[in-house]
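Hello,

Here is the structure I promised to pass on to you. Have a look at it first, and then read on for what turned up in it.

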Amino acid sequence: MRQPPCAGRTALILSGGGARAAYQVGVLLAIARLSPRHSGNPFPILCGTSAGGINAAALAAGADDFHHAVRELARAWLQLTPEQVYRASMPALFGRAAHWVVSLLVGGLGRYNPRSFLDNRPLGQLLGRMIDFAGIDRSIQLGYLRALAITASGYTSGQSVSFFQGCDALEGWQRAQRIGTRTQIGAEHLLASSAIPFVFPAAHLNREYFGDGSVRQVAPISPAIHLGAERVLVIGVAPQREEPPPRERVVAYPPIAQVAGHLLDSIFIDGLEADLERVRRINRTVGLLPESERVRLGLRPIEVFSITPSRPLERLAMPHRSTFPPGLRFMLSGLGAFRRQGTVVASYVLFHHEYTRQLIRLGYRDAMVQRTALTEFLSAGQRVTIAD
């Protein structure tokens with residue numbers, strides 16, 4: 001079968017963030033509402049990391065009908081329970097906790113060292129029901145999709161690896177500590193990309209074990225550019241900080257949950273914010289060059305549009321703390337996750353539809369606030385696709 005030319009060059013970047021990725025679904029619902037029903041797939045290039053990678057894969061598998069794919073993705077998040085993501089029974093949770101304690105006491109002399117605090121085998125089953133992975137190749141063959149990229153972090157090599165599936169004209173890339181390699185995307189890539197360190201176990205792909213793709217991902221927008229993107233929509237999971245937060249005087253020692261939340265934010269948020277700032281700065285510099293000089297140097301500006309939460313998502317998690325499985329709620333309480341300073345951790349692992357529904361509503365509202373600019377961005381992408 002002769003493959004059609006590569007699809008357009010508008011990309012969607014979906015960052016990681018555990019349960020916070022439900023916010024992205026709300027933005028996608030708004031985009032579906034603003035896009036004409038038969039306008040096709042507005043994002044021929046889909047790049048996702050961690051839970052954002054799951055959203056991206058679901059869209060790629062249904063790229064022949066963007067509106068239907070978004071509705072089905074929303075349905076999955078609106079029916080979500082923790083038991084669909086990890087084993088949450090009291091015996092399972094306390095069994096793994098006991099394994100950690102015993103391993104620490106015997107100095108790692110046991111036959112099997114602990115791999116994670118939570119068992120995410122239910123997530124693998126959910127992905128099998130939720131995503132038709134054969135649909136990714138079908139979308140590429142029919143010309144609805146240029147490429148899907150899922151990023152994971154290699155624990156042995158230390159590299160940020162973007163596994164991509166796309167049209168034949170695309171080639172892999174290699175930069176300092178980050179590479180792009182062609183493959184057939186499957187559930188194992190999504191499990192690897194969403195394996196939050198210590199929380200979920202790493203996944204074995206090819207020659208090594210991989211963990212969450214947000215770890216050591218210094219340039220989250222880079223895979224989309226390597227895959228030919230000229231216009232990029234980025235959906236984040238944390239408010240953009242216009243000014244540094246006020247420095248408060250603190251007396252009490254920070255709880256473990258606050259320290260863990262700080263680490264999670266550095267993994268999932270800081271890299272994306274820095275890369276957005278970097279791309280915009282480069283765009284300004286390129287814009288100062290004459291057109292002839294840009295052509296000679298092979299430079300082109302990348303149009304970037306970003307949508308981020310209008311309020312901290314951890315504030316939406318606390319009213320739903322009772323939806324945590326009892327055993328996990330007990331453990332998180334012991335870590336201080338339900339104190340004001342430690343709520344960030346809870347917002348990442350609260351995979352319950354009562355919480356995700358609030359995130360989806362917020363994402364939808366935030367996108368509709370920018371509906372004029374967003375509609376122009378989408379319309380420009382359609383004009384470019386038609387011109388191509």
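Let me start with the overall form. For a chain of 388 residues, a compact globule would have a radius of gyration near 21 Å, and this chain agrees with that, at 21 Å. Please keep in mind that the model is predicted. Along its principal axes, the C-alpha trace spans about 65 × 50 × 40 Å. As for secondary structure, you will find 15 helices and ten strands in the chain.

How much of the chain is buried? Buried residues account for 53% of the 388. If you take the contacts between residues at least 6 apart in sequence, 77% of them join residues at least 24 apart.

On the outside, the accessible surface of the chain comes to about 18,800 Å², and carbon and sulfur atoms hold 55% of it. The chain carries 42 positive and 29 negative side chains, with the centres of the two sets 4 Å apart.

Now to the interior. The largest nonpolar core has 116 residues, and Leu59 and Leu233 are the ones that touch the most other members. Helix 1 (residues 22-34) gives this core its largest share, nine residues. Leu59 is worth finding on your screen: setting aside neighbours within four places in sequence, Leu59 is in contact with Leu12, Leu14, Leu28, Leu46, Phe66, Ala69, Val70 and Leu73.

Helix 6 is another good place to stop. This helix covers residues 134-141, and its buried residues are Gly135, Ile136, Ser139, Ile140 and Gln141. What lies over them? The cover includes helix 2 (51-61), strand 3 (147-154) and strand 4 (160-166). After helix 6 comes Gly143, which has a positive phi, near 85 degrees.

One loop residue also caught my eye. Asn120 sits in the loop between helix 4 (90-105) and helix 5 (121-130). Is Asn120 buried or exposed? Asn120 counts as buried, because its relative accessibility is 8%, and the limit for buried is under 20%. Apart from neighbours within four places in sequence, the residues in contact with Asn120 are Val85, Tyr86, Leu191, Phe200 and Pro201.

If you want a short route through the model, begin at Leu59 in the largest nonpolar core, go on to the buried residues of helix 6, and finish at Asn120 in its loop.

Enjoy exploring, and do write back with any questions.

Best wishes

Conventions
Residues are numbered from 1 along each chain as its sequence is written. This is a predicted model: local features need pLDDT of at least 70, side-chain atom pairs count only at pLDDT 80 or more; totals for chains, interfaces and linings use all residues. Side-chain values use heavy atoms; hydrogens and water are left out. A nonpolar core is a set of buried Ala, Val, Leu, Ile, Met, Phe, Trp, Tyr and Cys residues joined through side-chain atoms within 4.5 Å. Buried means under 20% relative accessible area, exposed over 50%, partly exposed in between (1.4 Å probe, protein chains only). Helices (H or I, at least four residues) and strands (E, at least two) are DSSP runs, numbered from the N terminus. Contact means heavy atoms within 4.5 Å. The radius of gyration is taken over C-alpha atoms; the globule rule is 2.2 Å times the number of residues to the power 0.38. Accessible areas come from the Shrake-Rupley method with a 1.4 Å probe; for residues, only the protein chains shown count as cover. Lys and Arg count as positive and Asp and Glu as negative; His and the chain ends are not counted. The place of a charge is taken as NZ of Lys, CZ of Arg, CG of Asp or CD of Glu.
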